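Let's take a friendly look at the cysteines and the charged pairs in this chain. Please have the structure open as you read.

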Amino acid sequence: MLQLYLDLLSQPCRAVYIFAKKNNIEFEFKLVTLFKGDHHNPEFKKVNLLHKVPSLKDGDFNLGESIAILLYLVRKFDTPDHWYPADLEKRACVDEYLSWQHTSVRLHGSKIFWYKCMTPFVLGKEMEPEKMEAALKEMHTILDQFEEKFLQDKPFIVGNEISLADLVAMVELMQVIGSGVDIFKDRPKLDAWHERVEAALGTDLFQEAHKNLLAFRTLKKEPLSPQMTEAMKAVLLRFK
């Protein structure tokens, strides 16, 4: 059976999980708890030499990177066309968003999550207010671009039906929500799109996938190992 190695605190892992569940793709859920450093275990290295999730194992075939995994699932399981349309121009629009989002929505949304949630957890102190303010300002610039360029006046990024672009966008934006910042407030267009995406995915599935994230700030967290503490400090340094 197909195996998916996931931690649902991770945005790309949630995208893969939701897509597989929504499309009734049978798989074995292999939990890789990032906070425990499971991705550095010797056994996981056999699945992904880069120690990253999500990862896929299909027989003797291993695959990493969430976008590659999503496209593999689309093609292998012949999922409905709206996810990754056969129409050349529509498919190109999905590709355009998936290419853009890495250094925009994902980068800036992740920064806010790390500033708001991980800095207090790892360093035991709040992020400096001026850095937090700058990160929020950058995020709102990205949201303006998302609305004006990609969403426009359409129900979804590529017209009238949900696609991989909407799924990937939504899990990244939910990471910001999980940090306690309501980016949908005062953005009626974005909020209406959020409601349409959640409805298209199914509210039960959507809430299940985001349950741990939305509870993250109030969860009692186990102390990190020295290795994971240093690794997370390195991530925070990259964001500064």
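What follows is a short report on disulfides and salt bridges.

Bear in mind that this is a predicted model.

**Cysteines**

The count of disulfides is 0. Cys13 takes part in none, and the nearest cysteine sulfur, that of Cys117, is 17 Å away. A disulfide needs two cysteine sulfur atoms within 2.5 Å, so the sulfur of Cys117, at 17 Å from that of Cys13, is too far for a bond. Cys13 is buried, with 0% relative accessibility, and Cys117 is buried too, at 5%.

**Salt bridges**

Which side chains of opposite charge pair up here? The model has 10 salt bridges, and the table gives some of them.

| Pair | Closest N to O distance |
|---|---|
| Lys46 and Glu43 | 3.0 Å |
| Asp58 and Lys76 | 2.5 Å |
| Asp153 and Lys189 | 3.6 Å |

Lys46 and Glu43 are both exposed. The bridge between Asp58 and Lys76 ties together parts 18 residues apart in sequence, because Asp58 lies in strand β3 (residues 55-58) and Lys76 in helix α3 (residues 66-76). Asp58 is buried at 16% relative accessibility, whereas Lys76 is partly exposed at 46%.

Asp153 and Lys189 also form a salt bridge, and this pair links distant parts of the chain, 36 residues apart: Asp153 sits in the loop between α6 (129-151) and α7 (164-178), Lys189 in helix α8 (residues 188-201). Asp153 is exposed at 74% relative accessibility, while Lys189 is partly exposed at 33%.

Finally, a network of salt bridges links Asp144, Glu147 and Arg187.

How values were computed
Residues numbered from 1 in each chain as written. Predicted model: local features only at pLDDT ≥ 70, side-chain atom pairs only at ≥ 80, totals over all residues. Heavy atoms only, no water. Buried < 20%, exposed > 50% of the residue type's maximum accessible area, 1.4 Å probe, protein only. Salt bridge = Lys/Arg side-chain N within 4 Å of Asp/Glu carboxyl O. Helix = DSSP H or I, 4+ residues; strand = E, 2+ residues; numbered from the N terminus.
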